[in-house]
Amino acid sequence: MRTIQLLVVLLFPIHLHAQNSYINHKTINLSGQWNFQIDSSDRGVNENWITKSLTDKIQLPGSMLTNGKGNDVTATTAWTGGIWDSTWYKSPSFEKYSQPGNIKYPFWLQPLRHYVGVAWYQKKINIPAGWNTGYSELFLERCHWETTLWVDGKEIGMQNTLGTPHRYDISEMLTPGTHNLTLRIDNRVKDIDPGIDAHSISDNTQTNWNGIVGKMQLINRPAVYISDIQLYPDVKNKLVKAVISINNLSNKNTNYSIRLTAADKNGKQHIKPLNKKMELTNKTTIVDINYPMGNNFLLWDEFNPNVYSLKTTITGGNGRDEKSVDFGMKNFEIKGKQFNVNDRIIFLRGTLECAIFPKTGYPTVAVKEWERIYKKCKEFGLNHVRFHSWCPPEAAFIAADKLGIYLSVEASTWSDHLGEGKPIDKFVYDESNRIVQEFGNHPSFCMLAYGNEARGKNVNEYLTKFVKYWQQKDRRRVYTSASGFPEVEASDYTSTPRPRIQWWAAGLNSPINANAPSTNYDWAKYISSNKPTVSHEIGQWCVYPDFKEMPKYDGVLKPKNFEIFQDLLKEHGMANLADSFLLASGKLQVLCYKADIEAALRTPNFAGFQLLDLHDFPGQGTALVGVLDPFWDEKPYVTAKEYRQFCNVTVPLLRMDKMIYKNNETFTAKAEITNFGEAEIKNIIPEWTIAGSDGKILAKGKLNNKNITTGLQSLGDINTPLAFVRKASQLTLTISVGKFKNNWHIWVYPVEAEPKNNFNTIKIVQVFDDAAKTYVENGGSLLLTIKKGSVNPEMGGNVPVGFSSIFWNTQWTSFKQAPFTLGILCNPKHPALSEFPTEYHSDYQWWDAMSHSNVFVLDSISKNIQPIIRVIDDWFTAKPLGLIFECKIGKGKLLVSGIDLVSDSVKRLEAKQLLLSLEKYMLSNKFNPVTKVESATIEKLFLKNQNSN
């Protein structure tokens, strides 16, 4: 082992400290009641409030919001957050929500009160006679966000970190006796602008709160004390390098001994202690020690999250000091295009955490709560969490260490002005240094980015320097420029939004909406040629609001947005459909997430994905993108077990060119598997089955016996004739590899089935011209199947329809990204669908219909119509939309299809089958519409001149 290196450095004005447990130090808990006063005019400094006795009271830890402090929310509240669509401020339909006593915003969860500005906090403390004359520190965890401290009227300094504790050296001030602590906290965005949508400060998520919400204490240490320990595990050489900073306030050089002892936190292993002698200078000494871990040390990863605690003790003439620091023996590195942990390839299956805490409006500092969050992630097959434009408290790292979660952290920023020489440029460096200094020992801390989606003059040059700075300084983790963009060559890995089935602003031109159903695609063309590629914010698929969730909001944030959406649904006479809309749109949402995730898993040499999101994002216009709600609780339409079929350490996959077949075809597909489990799966025989809707196995087979190694690999081909299918069927194909299973629906239609339509009985038209009008009025049965784009905007033609769910939400995208709908809702047992097997929600057999369709605003036709196929509208508009409905016209019967079922029908198996089903229904005695509609109303459905075409 090399000798100890002693380096002398200057003391920083404010000491930086890593996460530590201080042993046997004197502490005074500052939690409890403080004096308080709001300073909305920012006059407190000029009026010398430092020495004034503040008149109000507040409970800390806590925020002004949790204490009921601040201003009423009004129609002119100045929020910290971007409002991309100002409809709420202008539209008559929202006017009632801007009235006093009924303020309801649709953009995010609404706080009970709101305050942005200066507030003062004051507490009288008593320092006991036994308090040492060494180092004294005021420790404030999770302040928001700029604090200035005075002790007995003397200004100590200012701190403005968003992600780490505020620590003040007040050694010279804390003599035994009574002292006054005064804090000025300012949560305004001033010269340092992280971006008003940065989740570190935004009302979109945690709110821009004012206060202190974590541990608050005075700490007293000896005159010679350990100020910092940074640990650098070296798995290859079986050691951990400890870089220990020791401050000496005794004003003299002195001899000390140092002892290092490591033990795993589960009590399985104690490492042999190491003892050294050293001489300390009268300032700061940095001690660099290689500590051997022996030959049988335990590794840390997602499967075996073994955490060690290193206790460091120094003993000398000025007494004794100890610190205990957690770490893990882990090597997180890059090999080629993939991440490796301890020489094992891993695949990041991640979600975002966006500082969403509805009960408090600020992040929890409780380890148990973070454990609950991460356990839910693991239940749904994830191993990775990205903190979008913020850094969590230490409790989040401790819990991730314990459960084996790989964390990506950002320097509290989402800036549009990076690299422009503004104060934010320096803040990013300062903040990232504070974050790494504070939390860098945690084995879960694996990735670091500046923040989210950077813009600004010279942004690429700035981020290149930022990445290189950290690569040279600390290789315990990997670095990228920004999550999403821009990409710079210097980054260790690429974070990009290209590998996903819906791009921002792609609308109906996205892969899922523009391409016929298939699973035979991947993102190989988007993979970086020389480094890992992680897909940025995949998913973003919306679901209808769950109004039964509303009673959970018993804290400081209220779902006033949900109240608006519920009102709109009631006003349109559909309150009874809320649960059905939730379930049907939820099934489509899961289908979209399955497609997104499986495409990532099918991609060779892909490094991972980051979902947006596993749970709902309640801000930015209300983005209900989660299969979990904002409290990390499950919604009623998918279980963790079902989700893990396509999102797990090991997932069977299927490449098929199409999902719709005739029964004279042969089903052909290629089976694959991706395995990033702890070990190789040996000597396994994969199996496949095809089952009917009743669960009965109709076909089955086995693939070749093989060993499933790490990564993506082929299982073999599946080929089976479909002649066994005698009637139109929805089938389920399942691949099983040991305990891992995954399944997909396919549809098979009989080739010989033809409608027995006597054209004197049913007439099929695409325009409602005079001939069609006369025919139905005189008693005929008319099927009106309308060409896409033919419907009058007022009657529904202005609603863009696509197959997928809504991407993110329409308010945040300013109603510019189609589709605006959330799939279909139907009764699958309706006789009109007897030959078109379906469940109550969208699945891939509806892709063709939704790609060739118009919708109708039903109450513009008749408030009494109950459609055969309903389309679920965006919750911001909540219109009653129909795709297929029936009515009486004069003496006749009309069935109206917003789907064009006849154009180019030779190539459209689904359209032919649905047409067949509708014709069969119309020929039966079950076709007996009861709602009467005038011909003139049907004529209004069409754009002018359409009926003459």
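Over the ring of which tyrosine does the charged end of lysine 763 sit? I looked this up in the predicted model and found tyrosine 775, with the charged end of lysine 763 placed 5.5 Å from the ring centre. I then noted a second case: lysine 241 has its charged end over the ring of tyrosine 232, 5.3 Å from the centre.

**Confidence**

I checked the pLDDT next. The chain has a mean of 94, and 96% of its residues reach 70 or more. Residues 1–19 have a pLDDT below 50, although in the model this stretch has 70 contacts beyond near neighbours in sequence. Where pLDDT is low, the predicted coordinates should not be read in detail. I therefore leave the contacts of residues 1–19 without further reading.

**Aromatic pairs**

I recorded 60 aromatic pairs in the structure. For tryptophan 49 and tryptophan 120, the ring centres are 6.0 Å apart and the planes stand at 55 degrees; the pair is tilted, because stacked requires under 30 degrees and edge-to-face over 60. This pair links distant parts of the chain, 71 residues apart. I located tryptophan 49 in the loop between strand 4 (32–39) and strand 5 (56–60), and tryptophan 120 in strand 8 (residues 118–127). Tryptophan 49 has a relative accessible area of 2% and is therefore buried, the limit being under 20%. Tryptophan 120, at 0%, counts as buried as well.

I then examined phenylalanine 803 and tyrosine 844. Their ring centres lie 5.5 Å apart with the planes at 20 degrees, so I entered the pair as stacked. Phenylalanine 803 belongs to the loop between strand 47 (781–785) and strand 48 (821–826), whereas tyrosine 844 belongs to the loop between strand 48 and helix 11 (847–851); the pair thus ties together parts 41 residues apart in sequence. Both residues are buried.

I also traced a cluster linked by ring pairs: Tyr544, Phe547, Phe562, Phe565, Phe581, Trp875 and Phe876.

**Helix 5**

I compared the length of helix 5 (residues 459–473) with expectation. At 1.5 Å a residue its 15 residues should span 21 Å, and the end C-alpha atoms are 21 Å apart, which agrees. I listed its buried residues as Val459, Tyr462, Leu463, Phe466, Val467, Trp470 and Gln471. These cover an arc of only 165 degrees around the axis, so they lie on the same side of helix 5. Lys465 and Gln472, on the other side, are exposed. What covers the buried residues includes helix 4 (423–439), strand 30 (445–449) and strand 31 (478–480).

Terms used. Residues are numbered from 1 along each chain as its sequence is written. This is a predicted model: local features need pLDDT of at least 70, side-chain atom pairs count only at pLDDT 80 or more; totals for chains, interfaces and linings use all residues. Side-chain values use heavy atoms; hydrogens and water are left out. Helices (H or I, at least four residues) and strands (E, at least two) are DSSP runs, numbered from the N terminus. The expected span of a helix is 1.5 Å times one less than its number of residues. Buried means under 20% relative accessible area, exposed over 50%, partly exposed in between (1.4 Å probe, protein chains only). The arc is that of the directions from the helix axis to the C-beta atoms. Contact means heavy atoms within 4.5 Å. pLDDT is the predictor's confidence in each residue, from 0 to 100. Rings of Phe, Tyr and Trp (its six-membered ring) pair if their centres lie within 6.5 Å; planes under 30 degrees apart count as stacked, over 60 as edge-to-face and the rest as tilted. A charge sits over a ring if NZ of Lys or CZ of Arg is within 6 Å of the ring centre and within 35 degrees of the ring normal.
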